[in-house]
Amino acid sequence: MLDNLLLGASTALSPVNLLWCFAGVLLGTVIGLLPGLGSSTGVAILIPLTLTVEPVTALIMLAGIYYGSQYGGTITSVLLSTPGEAASVVTTLDGYQMARQGRAGAALAIAAIGSFAAAIASLVLLAAVAPPLASVALNFGPPENLAVMVLALVTMVVLATGSKLRAAAMACAGVLLACVGIDAGTGQARYTFGSVELLSGIPYIEVVIGLFAVGEVLHQIRVGAATPIRARFRDLLIRRRDIRDSAGAITRGTAIGFGLGVLPGAGSTLASFMAYGLERRVSANSAQFGRGAIQGVAAPESANNAAANANFIPTLTLGIPGGATTAVLLGALTVYGIQPGPLLFDEQPELVWGLLVSFFIGNVILLVLNLPLAPVFAQLLRIPYGYLYPLILFTSFVGAYAIDNNLFSVWLVLIFGVIGFGMKRFELPMAPLVVGVVIGALFEKALVQSSALLDGNLWLLATEPIAVSILAAALLLITGPALVRRLRNRSTSPEENHV
């Protein structure tokens, strides 16, 4: 592994890549700071602007936007009680209360420290776990790939917040959108309605820009904006006691975040919620949670950053997105002509390890950048939204047009922007839809190949040990919560009867 890290360091430490890494972290912080945008939007908008640079340079910048926005979203959560990232929703519970008590700086500082510690620990685990997993994945054939796709969709649905039925519907809708174009089995056009542009399918990047960028702008225009709390440089002081009290929360949040981030489709939002819930249960200061407990900031911030890094394990080794933003990055890989999967580590080690080493560098930059400059970033929240929203829309439409120099892409962005607004309006989850769109074509390809390999009898999947194990895990995810609830009810009923 040391040789691989040295190879990655020689790539990531080049002046050009260092500059783009810094630009990505800085832009990511700003994007995460702006309410409602988030890393998925930022990455989607800026993909067309990175097509003129080397793929490894572009990915280093886009990845910087990803983990930079994790902390940027914290600033709005603490100062504005409006999360810039979905994973920062939990941070508002105690972070905003700390700000109201005059401790905004301490909340921002512990978030930066916890995020950095979690990121470094998870990156060490990422570098250790990813190559062996890639080696195992080399033995995967169509049946195993099909099982992995099923697991990804099931995981996204089961772990989604809110209605599981809605999440399942969105995942199915995403798979159906991916079916537009040429049938993988027969070569016939389907769902194109006579449109030549749709013969190659619905372009993934346009869908993402529309859903996340345009849809979020329309949603934010509808809900309006709050007045932020001003953070001063002298408020950035954090006490040694705060760090000591938060050490356990950071450790537990990192473990939960990495464990959930490895799961395809789990994302970092669930990790932050679970870390907060666990910390509230084990903390001796549980009564202060929701009233300004610093552990309530440290735990979810550590979890979402650890999960953000762990999301790259299924993305790079299996070609399955770990969450919504890695789904966008997966689309970026295909735009650059790179095929993610287990062979990526052998065929393009400079790209993979250069990207992983850049994570270490980017997180150091993030810590140095955000500890002293958090109040400066907070002032961006005072930009009039009348100037901000037109700029976002202009960038989105120009970026979409630049992909193929085609107005059809612009219309798609507008259409999916309206769809994204409607999904926000009716609280329909976007992550399952995005993952469905990303893996829909791969799912169909694996299904067709498996059917051909097994002579049309998919029941023969039961003869494939790896595929059966993966499908059993998917079944356990579906039935597990109900079984746990039933066992709990049985264990409590004798006590109730005795009382």
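**Notebook: helix packing and selected residues**

I began with helix 14 and helix 19, where Ala324, Ala327 and Leu330 of helix 14 meet Ala431, Val434 and Val438 of helix 19, a contact being heavy atoms within 4.5 Å. By class, I found six nonpolar, no polar and no charged residues in this contact of helix 14 with helix 19 (Ala, Val, Leu, Ile, Met, Phe, Trp, Tyr, Cys and Pro count as nonpolar, Asp, Glu, Lys and Arg as charged, and the others, Gly among them, as polar).

I note here that this is a predicted model, in which local features need pLDDT of at least 70 and side-chain atom pairs count only at pLDDT 80 or more, while totals for chains, interfaces and linings use all residues. Residues are numbered from 1 along each chain as its sequence is written, and side-chain values use heavy atoms, with hydrogens and water left out.

**Overall counts**

I looked up the secondary structure of the protein, which comes to 20 helices and two strands (DSSP runs numbered from the N terminus, H or I of at least four residues for helices and E of at least two for strands). Of its 499 residues, 54% count as buried (under 20% relative accessible area; exposed is over 50% and partly exposed lies in between, with a 1.4 Å probe and protein chains only). Among contacts between residues at least 6 apart in sequence, I read that 78% join residues at least 24 apart.

**Helix pairs**

Returning to helix 14 (residues 324-335) and helix 19 (residues 430-453), I noted a packing angle of about 25 degrees, with the axes 9 Å apart (axes are lines fitted to C-alpha atoms, for helices over the stretch in contact, and angles run from 0 to 180 degrees between N-to-C directions). Because of that angle, helix 14 is roughly parallel to helix 19 (under 35 degrees; over 145 is roughly antiparallel, 65 to 115 roughly perpendicular, and the rest oblique). The crossing of helix 14 and helix 19 is left-handed, meaning that the near helix is turned anticlockwise from the far one by less than a right angle, whereas a clockwise turn is right-handed.

I then took helix 9 (residues 204-223) and helix 18 (residues 407-425), which pack at about 50 degrees with their axes 6 Å apart. The angle therefore makes helix 9 oblique to helix 18, and the crossing of helix 9 and helix 18 is right-handed. The residues that meet include Leu211, Val214 and Leu218 from helix 9 and Leu412, Phe416 and Ile419 from helix 18. By class, the contact of helix 9 with helix 18 has 12 nonpolar, six polar and five charged residues.

My third pair was helix 7 (residues 142-158) and helix 8 (residues 164-178), whose axes come within 8 Å and cross at roughly 145 degrees. The crossing of helix 7 and helix 8 is right-handed. Here Leu153, Val157 and Val158 of helix 7 meet Lys164, Ala167, Ala168, Ala171 and Val175 of helix 8, and the residues of this contact divide into seven nonpolar, no polar and one charged.

**Nonpolar core**

I asked which residues touch the most other members of the largest nonpolar core, and among its 130 residues they are Leu62, Tyr204, Leu211 and Phe359 (a core is a set of buried Ala, Val, Leu, Ile, Met, Phe, Trp, Tyr and Cys residues joined through side-chain atoms within 4.5 Å). Helix 4 (residues 55-80) gives the most to this core, with 14 residues. Setting aside neighbours within four places in sequence, I listed the contacts of Leu62 as Val43, Leu46, Ile47, Thr50, Leu329, Ala332 and Tyr336.

**Single residues**

I found Ser268 in the loop between helix 10 (240-261) and helix 11 (269-282), and Ser268 is buried, at a relative accessible area of 9%. Ser268 and Glu301 are 33 residues apart in sequence and 9.7 Å apart in space, C-alpha to C-alpha.

Asp346 lies in helix 15 (residues 344-347) and counts as exposed, because its relative accessibility is 55%. The C-alpha atoms of Asp346 and Pro131, 215 residues apart along the chain, are separated by 9.5 Å.

Pro481 is in helix 20 and counts as partly exposed, at 36% relative accessibility; its C-alpha atom is 9.4 Å from that of Val158, 323 residues away along the chain.

Last, I checked backbone angles: phi of Asp455 is near 55 degrees, a positive value in a residue other than glycine. Asp455 sits in the loop between helix 19 and helix 20 (465-498) and is exposed, with a relative accessible area of 73%. Tyr191, in the loop between strand 2 (189-190) and helix 9, has a positive phi near 55 degrees.
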